Amino acid sequence: MEEMQQVVDDYIRQFKVGYFSPLAMMARVTEEVGELAREINHYYGEKQKKSSEDEKEIEEELADVLFIIITMANSLDIDLTEAFEQTMRKFETRDKYRFERVDEETSE
């Protein structure tokens, strides 16, 4: 994740405008998640894509979401590796037994 944050930072720093404000980036996150939702709906939902719509892949939309999340984290000086590790610790403790585990035996 550190490498991805550096790649994004290098990309953004080549432009005079630099990072957008957190509010502008939040709007971009919302926009990109909406585009991802649209693609998911086309592939797995009932709404078919119009013939006039561009072909996009779910992978492309997920990567767009990842890019803007990394951009936002960079602008707020957030280490995503550290933040992710904290989140995983939370899930591994709080939600450890929330769902049926694959390694649990089932009694009949």
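Leaving out neighbours within four places in sequence, Asp9 has contacts with Tyr19 and Asn74. The model is predicted. Asp9 belongs to helix 1 and is buried, its relative accessibility being 13%. The points below cover this residue, then a negative and a nonpolar patch on the surface.

**Acidic residues of helix 1**
- Asp9 counts as buried because its relative accessibility of 13% falls under the 20% cut-off.
- Glu3 is also found in helix 1.
- Glu3 counts as exposed because its relative accessibility of 64% is over the 50% cut-off.

**Negative surface patch**
- Glu2, Glu3, Asp77, Asp79, Glu82 and Glu85 form a negative patch on the surface.
- At least two residues of the negative patch come from helix 1, and at least two come from helix 4 (80–94).
- Glu3, one of the residues in this patch, is the exposed helix 1 residue with 64% relative accessibility.

**Nonpolar surface patch**
- Tyr11, Phe15, Val17, Phe20 and Phe67 make a nonpolar patch on the surface, with an area of about 480 Å².
- Phe20, one of these residues, sits in the loop between helix 1 (2–12) and helix 2 (22–44).
- Phe20 has a relative accessible area of 43%, so it counts as partly exposed, a class that lies between the cut-offs of 20% and 50%.
- The value of 43% for Phe20 is also over the 30% relative accessible area asked of patch residues.

Definitions and conventions:
Residues numbered from 1 in each chain as written. Predicted model: local features only at pLDDT ≥ 70, side-chain atom pairs only at ≥ 80, totals over all residues. Heavy atoms only, no water. Patch = residues over 30% accessible without salt bridge, like charges linked within 9 Å, V, L, I, M, F, W, Y side chains within 5 Å. Areas by Shrake-Rupley, 256 points an atom, 1.4 Å probe, with all protein chains shown as cover. Salt bridge = Lys/Arg side-chain N within 4 Å of Asp/Glu carboxyl O. Helix = DSSP H or I, 4+ residues; strand = E, 2+ residues; numbered from the N terminus. Buried < 20%, exposed > 50% of the residue type's maximum accessible area, 1.4 Å probe, protein only. Lys, Arg positive; Asp, Glu negative; His and termini not counted. Charge placed at Lys NZ, Arg CZ, Asp CG, Glu CD. Contact = heavy atoms within 4.5 Å.
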